[in-house]
Amino acid sequence: MANQALKQWVDSIAKLATPDRIVWCNGSAEEDLALKKELVSAGTLIALNEKKWPNSFLYRSHPNDVARTEAQTFICSRDKADAGPTNNWMSPADAETRVYAILRQAMRGRTMYVVPYLMGPVGSPCSRVGVEITDSPYVVISMRVMTRMGQIALDHLGDGTDFVRGVHCTADLHPERRYICHFPETSTILSVGSGYGGNALLSKKCHSLRLASVQGRRENWLAEHMLILGVTTPAGHKHYVAAAFPSACGKTNLALLVSALPGYKVETVGDDICWLHPGNDGRLWAVNPEAGMFGVAPGTNTRSNPNAMTSVRQNAIFTNVALTADGSPWWEGLDDEVPGRLTDWRGLGWTLEKGEPAAHPNARFTVSLRECPSMSREMDSTRGVPISAILFGGRRARLAPLVYEAFNWDHGVYVGATMVSETTAAANGDVGVPRNDPMAMLPFCGYNMGDYFAHWLTFAGPKRPKIFHVNWFRKDNDGKFLWPGYGENIRVLKWILDRVEDRVSAIDSPIGRLPRSTDIDTSNMLMPANRLRALLDVDRGTWLQEAERNGAFLERFGDRLPMTLRREHGALIRRLEFPPAA
Ligand code: SAT
Ligand code: MN
């Protein structure tokens, strides 16, 4: 082992956690296979029907450990004000004391895996190295899918000292002894007491969003909770779009979209995380730091997301889905027919009469993007892809129209900063409650979000992407979705790209620029004119209430809230109160 800084750090953690064995992971197929065999014989992993689902496995997490736990997630900056009002904060010393107490001898009798990983394309100046120490072999096999893992990362690091240090220990999984702590000043993560998703795969939210957002602020780039997709138009023009939606709001579905409009082709660069760098040409360039998808299973099927279904046909790891008698994975919304008998996500017998879902609502599939038919070759591009449009959006049963365009960059940042979405099963807590989730980064921004908004505002410039807000989730008075979503969302992307190419005009409204209803291509779909009007409707009264509520949210940032956003807020209220005569 050549890298002394890495070796010393691993030694220090080994001294603390006292594992029986230390394994340095190289990321090879043999290593992966051996781990899976071990996990299967221990009963931790269930091999699925080899004929139907080759090299695929089911993993069940502890029933109290099924989603990110935001209440136990901490930013441990030296100064509390740097974590800001939307993060939980703990002092670095306090966090170390608490977590070290749990880590002490916690790996006795266990194996400690050292997992080097690279976030971003091989050879890219944007890419970053992390090393995760973990006692969970499930984490190791997942990291191999989600990142470029092993020797590749050590090669990138060389004898450098600039790498994110992540320690993960399953410990006793007791929710009261669960801590996900981030130390932005030392690029360190300490995560104990959870083996699930974003709590345990430290490359994902902990490194690529919380720590990377801090690093991006220092180095003039942005780490965002965004998918990246490419669209080729019938005229052969290629555009890239980045879109921020909260967890479990359809990022993977949009990223893997199969166009319902002939002539449009969508390719996938990323489905969750995007690192945006300003290029010398004035444009913003995006790389996907990840290599795999950790997608929500329930609701995924051959109609809603055919590319995801093809992706998971082999080499997939399923977590907390149900199991059929023939060893296939199953989840709500997979097909119209519900099997009479299943084994549910906890491993218990299940029948429909139980009245409970068989798969956990936050059940996931983990699969390499290389399995995805729509994967873009640009995923490995060292400079990334140039972004033409940024989309913000959430789940809004009411209020937000299908799509609108921000007037300019500053207004777009305001639109992102005042995003609201109904909560989902991706995090512990109530589901369906509207909450402010700026840029879909509320749970993932590693510093004061007031400073984060200011950082966003510095990216204004003539060649920057246009900013839009979309909402696929608007409902009518009977609670039925007004918009079909999924592959039909290309119709909204079409309008967005027409705006980018200056091919279509828009109508100014108080909240932004709206499409004329005739400019949304509804060919070959059932879309009565009154439903489209309802989808594009802006009700000034409810928007004023919304603005008031957003004003209170923004005030939480006090003097860290940029003046520009205060001004945008005031301007929105004036436009709503005194709309220009039509
Ligand atoms: O559990 S994860 O944070 O990885 C998934 C999500 O919530 O987006
Ligand atoms: Mn996510």
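## A walk through the cavities, the metal site and the core

Start by selecting Tyr404, Val415, Thr418, Trp543 and Glu546: of the 17 residues that line the largest cavity, these lie nearest its centre. Keep in mind as you go that this is a predicted model. Now colour α10 (409–417) and α14 (540–555), the elements that each give two or more residues to that lining. The largest share comes from α14, with four residues. The space they help to enclose has a volume of about 150 Å³. If you colour the lining by class, expect 11 nonpolar, four polar and two charged residues.

Where next? The structure holds two cavities of 30 Å³ or more, so let's visit the other one. Select Val164, Pro184, Ser187, His207, Leu211, Ala212, Val214, Gln215 and Arg218, which line the second largest cavity. Its volume is about 60 Å³. Show helix α7 (residues 203–219) as a ribbon, and you have the source of the largest share of this lining, six residues. By class, the lining has five nonpolar, three polar and one charged residues.

Stay on helix α7 for the next stop, the manganese ion (ligand 2). Which residues coordinate the manganese ion? Pick Lys205 (NZ), His225 (NE2) and Asp272 (OD), and you will find them at 2.0 to 2.2 Å. Along the chain, these donors follow the spacing K-x19-H-x46-D. Lys205 lies in helix α7, while His225 sits in the loop between β12 (222–224) and β13 (226–232), so this pair ties together parts that are 20 residues apart in sequence. Are these two buried or exposed? Lys205 counts as buried because its relative accessibility is 5%, under the 20% cut-off. His225 is buried too, with a relative accessible area of 0%.

For the last stop, hide the ion and select Ile390, Phe453 and Trp456. These are the residues with the most contacts inside the largest nonpolar core, which has 88 residues. Add helix α4 (residues 137–146) to the view, since the largest share of this core, seven residues, comes from there. Then give domain 1 (4–42 + 70–219) one colour and domain 2 (224–292 + 376–576) another: both give residues to the core, so it lies between them. As background, nonpolar side chains in soluble globular proteins tend to be buried together.

Methods: Residues numbered from 1 in each chain as written. Chains lettered and ligands numbered in written order. Predicted model: local features only at pLDDT ≥ 70, side-chain atom pairs only at ≥ 80, totals over all residues. Heavy atoms only, no water. 1 Å grid on protein atoms, 1.4 Å probe; cavity = no way out; pocket = protein on both sides within 12 Å on 5 of 7 lines; lining within 4 Å. Points joined across faces, edges and corners; volume = space filled by probe spheres on them. Nonpolar A, V, L, I, M, F, W, Y, C, P; charged D, E, K, R; others polar. Donors = N, O, S within 2.8 Å, 3.2 Å for Na, K, Ca; no water. Buried < 20%, exposed > 50% of the residue type's maximum accessible area, 1.4 Å probe, protein only. Core = buried A, V, L, I, M, F, W, Y, C linked by side-chain atoms within 4.5 Å. Domains from an automatic or database assignment.
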